[in-house]
Amino acid sequence: MTIRVLIADDQELVRTGFQMILDAQPDMEVVATAADGAQAVEQARRLRPDVCLLDIRMPRLDGLEATKILAGPGVPDPMRVVIVTTFDLDEYVYGALRSGATGFLLKDSGPTLLIEAIRAAAAGDALVSPSVTVRLLEHLARPPAGRSRPPAEPLTERELDVVRLVARGRTNQEVAAELFVSLSTVKTHLGSIQAKLGARNRVEIAAWAWESGVVS
């Protein structure tokens with residue numbers, strides 16, 4: 001299956017570079033590029049790409065607002081959005097955790113992580129760059145413990161172990177290795193955690209973990 005991607009960034013050099021990387025993949029095709037958020041939303045609605053790769057800072061409509069429109073709570077048929085950011089400049093990314101984004105990537109992460117993030121999003125999973133998770137969420141998520149909503153049902157100790165690792169950017173394979181369990185067991189725990197937290201993906205699990213003080 002070919003993953004159809006939309007790239008939105010106000011810098012032509014970035015759009016061109018990302019497109020060259022993605023079009024070189026046998027399972028990816030860039031179906032559109034946009035120089036601002038409004039154009040990205042229009043093209044995304046018209047073309048329904050599998051993954052939208054959005055910059056944060058764009059004219060007319062920024063990446064956070066575009067994400068809310070395309071993938072936010074209440075959107076009937078949400079799209080899969082991967083946010084691209086620069087840590088030193090974009091201290092708005094924490095808000096995107098609740099806006100529906102399924103991945104976060106630093107612009108200097110390199111081609112491998114870019115490709116992995118898009119494949120993860122297309123598969124319904126999420127790739128959160130460890131440096132984004134640890135540096136950005138820790139920097140931005142400093143509310144008093146207990147501010148976040150309580151789970152519908154208490155998490156088990158093993159589920160909390162999984163939550164802590166997810167919040168630090170570990171992949172399913174890494175979680176399985178660190179906890180000495182199978183990959184299918186990790187996926188089962190994640191399904192249970194999402195149901196208890198009302199989270200749509202692992203990004204929202206990570207947000208809950210930082211907000212609630214489960215990780216610090």
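## Helix H10 and its C-terminal end

At 16% relative accessibility, Ser 212 counts as buried, because the cut-off for that class is under 20% relative accessible area. The model described here is a predicted one, and in it Ser 212 belongs to helix H10, which covers residues 202–212. Two backbone oxygens are within reach of this serine: that of Trp 208 lies 2.8 Å from a polar atom of the Ser 212 side chain, while the backbone oxygen of Ala 209 is reached by the side chain of Ser 212 at 3.3 Å.

The burial of Ser 212 fits the setting of the helix, since 11 of the 11 residues of H10 are buried and the helix is therefore largely enclosed by the rest of the structure. The buried residues include the charged side chains of Arg 202, Glu 204 and Glu 211, together with Trp 208 and Trp 210. After H10 comes Gly 213, which has a positive phi, near 85 degrees.

## The chain as a whole

The protein chain contains 10 helices and 6 strands. Of its 216 residues, 50% are buried. When contacts between residues at least 6 apart in sequence are considered, 68% of them join residues at least 24 apart.

## Packing of H1 against H5

Helix H1, formed by residues 12–23, packs with helix H5, formed by residues 111–122, at an angle of about 70 degrees, and the axes of the two helices are 11 Å apart. Because angles of 65 to 115 degrees are classed in this way, H1 and H5 are roughly perpendicular to each other. The crossing in which H1 passes H5 is right-handed.

On the H1 side, the contact is made by Phe 18, Ile 21 and Leu 22, and on the H5 side by Pro 111, Leu 114, Ile 115 and Ile 118. By residue class, this contact of H1 with H5 comprises 7 nonpolar residues, with no polar and no charged ones. As background to the spacing of such positions, an α-helix has 3.6 residues a turn, so residues three or four places apart point the same way.

## Asp 55 in strand S3

Asp 55 is part of strand S3, which runs over residues 51–55. With a relative accessible area of 4%, Asp 55 is buried, as it falls under the 20% cut-off. A polar contact joins the side chain of Asp 55 to the side chain of Lys 107, at 3.5 Å.

If neighbours within four places in sequence are left aside, the residues in contact with Asp 55 are Ala 8, Asp 9, Asp 10, Gly 63, Val 84 and Lys 107. Lys 107 thus appears in this list of contacts and also as the partner in the side-chain polar contact of Asp 55.

## Positive phi outside glycine

Arg 48 is not a glycine, yet its phi is positive, at about 50 degrees. The loop that holds Arg 48 connects helix H2, residues 37–47, with S3. Arg 48 counts as partly exposed, its relative accessibility being 36%.

Phe 180 likewise is not a glycine and has a positive phi, here of about 60 degrees. Phe 180 is placed in the loop between helix H8, residues 172–179, and helix H9, residues 183–197. At 78% relative accessibility, Phe 180 counts as exposed, because that class begins over 50%.

Terms used. Residues numbered from 1 in each chain as written. Predicted model: local features only at pLDDT ≥ 70, side-chain atom pairs only at ≥ 80, totals over all residues. Heavy atoms only, no water. Axes fitted to C-alpha atoms, helices over the stretch in contact; angles between N-to-C directions. Helix = DSSP H or I, 4+ residues; strand = E, 2+ residues; numbered from the N terminus. Parallel < 35°, antiparallel > 145°, perpendicular 65-115°, else oblique. Left-handed = near helix turned anticlockwise from the far one by under 90°. Contact = heavy atoms within 4.5 Å. Buried < 20%, exposed > 50% of the residue type's maximum accessible area, 1.4 Å probe, protein only. Polar contact = N/O pair within 3.5 Å; in protein donor to acceptor, adjacent residues only side chain to side chain.
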